[in-house]
Structures are given as C-alpha cells and as structure tokens.
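Thanks for coming. I have one structure to go through today, so let me put it on the screen.

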Amino acid sequence: MTEHVRAFRGLIQAYFQAFIEREREKTPKFVKAYQAVTANAAKISWIGFKGLAKRASRYVIAEGTDEIIEVIDQHVVTTGKEGEEIGNALESHVVKVTDDIIDQFSKKRIEQFNEAKLSLDRFRESLGELLSVFEEHTGKKLPFFILIDELDRCRPPYAIAMLERIKHLFDADNVVFVLSTDTKQLAHSIKAVYGSSFESERYLQRFFTRTYELPTPNTTQLIESLIASYEPDISKWENPGHKQDPHEYLTKATTYFKMSLRETEQAFDILASLTTIWQYEFPIQLGIMYPMILGHVRREEINDFTSSSWLASLVSESPQWVTNDVKRGRDFSDRHEVNTVSAWVKNFLSVVRTTMDEANRNGYNMSDRDVSFTVRQAHDIIQREYRARFGNVVNEKARSMVITYPDLIRHAGRLSV
C-alpha cells in the first residue's frame, strides 16, 4: 500500500473511529460499510499510474541512479527477489533502465492491477454508502470535505501522485477535496518531472473542477488583526516621521516592502516578542527594527549598518514612501516638509555608527543650524536614549542599543518562528 493510500485510510479511520466505538451496536450497517472501505483501500496499491512510471523513468535516467530508484520505489513498488536484485543493481550503477525493464515491472503487476481496479470500484461504492449511513445517523449534512493545504510545497513526484490518487480513489458522490495551493508553483514543479515542454497547466485542469483565487489581503486589516491578537504595548514603539501612528507605519511597511502574508505574520510575531521583553525607558525604533526583522525572515545579512547595507537598499526601493513632517526653524516658526522614509533610515544609520557621546554633542550643535527634519530627529532619538541610560554622566564609548537589534532579533526569531 502506498503512503497516499495509508494517509487516506488513516484519515477515514481517525474521523469515523470515535463514532464506531460509540455507536457500534446501534449502527451495524455503518460498521459494515466502514469495514468495506478500509478493506478495499488496503488492496489499492498503484492504480492510476499506468503511464507515470515509464514517463518519469525516461526523464530521470539523465539525472542519476538515486532518482531512478526513487521513481521505482514510489510508482512501481518492488517486491520479492526480482525487485531486490534490480534495486541492488541500480545502486551499483550496472543496470541501464530501459523500456524492457520497466515493462517487466508492468507485466508482473497485471494481476495486482486488475484486483486493485475491482477494489477501487468497491471502495467508491462502500465509501458512498458509508457517508450516507453516517449522514442518516448523525444528522451531519453531506458532502464530506477533505482539505489538503500547500500541496505545491511537496516534492514534485509526491504532489503528482497525490493528485492521481485523489482523482482515481475519491471520484465518488458526496466527497469533495479542497486543495489550497500555489497553482503556478505546482505547475512549475510538475515540469521538473516531465520536462520544460510539458503542458503542466493543462495537465492540472483534469484534476480541478473549480478554481477559486483568494484576493490579496488587505494590509490595514491584517495589521489591525495582528495588533488585536497579540496586544503589544505600542507605547514602546516609535516610528519615523513627525506623525506617530504605528498602525499606519506597519501597514505601509508591509506594502512597500512587498511582504507576503507569511512574512508579515512571522515578522510581527518576532516584533511582539521583542516588545514584551523590552524594559528600557526609551522606545524601539520601528523604522530600523521592523525591516531588520523582515531581513532576518528572508535570511539576509542584517548586521551591516553602512550606507550600502541590505537595509539601506531595501528602503531605497520605495522612494514614494514619504512622511509629512514639521520642524522648528531658526526663527522659531514651524516649517512643513516632505521627507522619504528612506532618508530617515539612512540618516539614522549614519548617527548610530558613531558613539552616543559624539552624536549627542553634534545634536546640540544643530540648534542653530537649518538641517532637515530627518537629521534632527535622528540626533534627538539618540539624545533621549543617552539621557535615559546615563543621565548627566558622560560616556564616551557607549553605542546605541540599535546596534544590538540584529542579535535581539535572531534570539527572538529562534523562539518565535
């Protein structure tokens, strides 16, 4: 019995076993139908793969012996002395896989195939009867739904085999399979088995009766949902720009950084963990922390604070992301200016690369200079951290805690992701 049949049989057993134990005496008809389903499932070993083994074997000859053995193990299950001898020969690289050898396997399986085909018909009939009896005795309404998620992440031969099993085993009344998958990726995986010229999209159409495409997630609702779920202390956050709205910042970051749903959930999980353990009297700088977390999720180098770092390159790709800021001019009047988040990040990284004492002194010297809001805010942030950590004491060697963000992220990431 293949792993797919075992999986489906186990699914049926897991779902209906509790009902059987509870209602065995009351529902002999159901028990009989259940036994018929499982008995016939055990006899179905490789039906549905009449042409698969040969086509796949032809393809993998050029790829190496290990792949050939895998195809034979999966699709033409070897038993007995002959199978063992062929397997040993393949491992020794002394046998060439030809159509004759593959056909020998097929001939030896003719009787098993005929028996499996008969069992398949009985399986479908008994499964339909099983579901009808179950509906009658429980009040649960058919159809019976089976959800399979992320099939595109499976090995290509396994994904193909799974689709074939579903089509041949469960083409029965009142059974509906719902497959959640990246169809383009799945089609690409199938080409890895049958070749780049294989029409994998058309091949998939024979399995799917209906196709539904999920809409792109609403990032605003997604961020609001994550904040509501984790309930982080947002007073510990500070985001770039004059307007302090972490909801808006995280929403735009998710959009401009082109973060997937999975990346957003993983990044927020790490951010929430870091927020929980943050016990300092100065805030987490979201403009550095959040994109750095994304870099960790994407396995990027996040220790680099230079102007050519991955982080600097990431924010440079979104020049349209701007903030409407207000600064106090030398004549003490408010001036409105539009700044990019990219400029804020780069200016802040420049300040962080120096010691806090130097950044603090330079910040005070800016009081009579007409500098941009992003530069002034970067120095102001370092000054506030400096005062919170050391008060009026001069510390010439201390560096900003922002330097430790990569280590904090990696530690929290191991706990969260």
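I will take the chain as a whole, then the open and closed spaces, then some rings, the backbone and one helix contact.

First, the conventions. This is a predicted model, in which local features need pLDDT of at least 70 and side-chain atom pairs count only at pLDDT 80 or more, while totals for chains, interfaces and linings use all residues. Residues are numbered from 1 along each chain as its sequence is written, and side-chain values use heavy atoms, with hydrogens and water left out.

The chain has 19 helices and six strands. Those are DSSP runs numbered from the N terminus, with helices being H or I of at least four residues and strands being E of at least two. Of the 417 residues in the chain, 44% are buried. Buried means under 20% relative accessible area, exposed means over 50%, and partly exposed is in between, with a 1.4 Å probe and protein chains only. The exposed area of the chain is about 23,000 Å², with 48% of it supplied by carbon and sulfur atoms. Accessible areas are from the Shrake-Rupley method with a 1.4 Å probe, and for residues only the protein chains shown count as cover. As for contacts (heavy atoms within 4.5 Å), take those between residues at least 6 apart in sequence: 72% of them join residues at least 24 apart.

Now the spaces. The search runs on a 1 Å grid over the protein atoms alone: a cavity is a set of points where a 1.4 Å probe fits but cannot get out, a pocket is an open set with protein on both sides within 12 Å along at least five of seven lines, and lining residues have an atom within 4 Å of a point. Grid points are joined across faces, edges and corners, and a volume is the space filled by probe spheres set on the points.

The largest pocket holds about 1,900 Å³ of space. It is lined by 42 residues, and the closest to its centre are Leu-179, Ser-180, Thr-181, Thr-183 and Tyr-212. Which element gives the most to that lining? Strand S2 does, with six residues. S2 covers 175–180, and among the other elements that supply at least two residues each are helix H8 (156–169), helix H9 (183–194) and helix H13 (261–277). By class, the pocket lining has 19 nonpolar, nine polar and 14 charged residues. Here Ala, Val, Leu, Ile, Met, Phe, Trp, Tyr, Cys and Pro count as nonpolar, Asp, Glu, Lys and Arg as charged, and the others, Gly among them, as polar.

The whole structure has four cavities of 30 Å³ or more. In the largest cavity there is about 80 Å³ of space. Its lining is 13 residues, with Phe-282, Pro-283, Gln-285, Ile-381 and Glu-385 the closest to the centre. H18 contributes the largest share of that lining, four residues. The classes there are nine nonpolar, two polar and two charged.

Next, rings. There are 15 aromatic pairs in the whole structure. For Tyr-203 and Phe-207, the ring centres are 5.1 Å apart and the planes are at 75°, so this pair is edge-to-face. The rule is that rings of Phe, Tyr and Trp (its six-membered ring) pair if their centres lie within 6.5 Å, with planes under 30 degrees apart stacked, over 60 edge-to-face and the rest tilted. Tyr-203 is buried at 8% relative accessibility, and Phe-207 is buried at 15%. Ring pairs join these two with Tyr-194 and Phe-198 in a cluster.

On to the backbone. Most residues other than glycine have a negative phi, and most peptide bonds are trans. The bond from Leu-142 to Pro-143 is cis, with omega near 15°. Pro-143 sits in the loop between helix H7 (110–138) and strand S1 (144–149). Glu-150 has a positive phi of about 55° and is in the loop between S1 and H8; its relative accessible area is 28%, so Glu-150 is partly exposed. Arg-299 also has a positive phi, near 65°. Arg-299 lies in the loop between helix H14 (286–297) and helix H15 (310–316), and is exposed at 66%.

Last, the helix contact. His-379 is in helix H18 (residues 373–390), and Gly-363 is in helix H17 (residues 356–364). How far apart are Gly-363 and His-379 in space? C-alpha to C-alpha, Gly-363 and His-379 are 5.1 Å apart, with their positions 16 residues apart in sequence numbering. His-379 is buried at 8%, and Gly-363 is buried at 13%. Leaving out neighbours within four places in sequence, His-379 contacts Val-351, Ala-359, Asn-362, Gly-363 and Met-366. On the same basis, Gly-363 touches His-379 and Gln-383.
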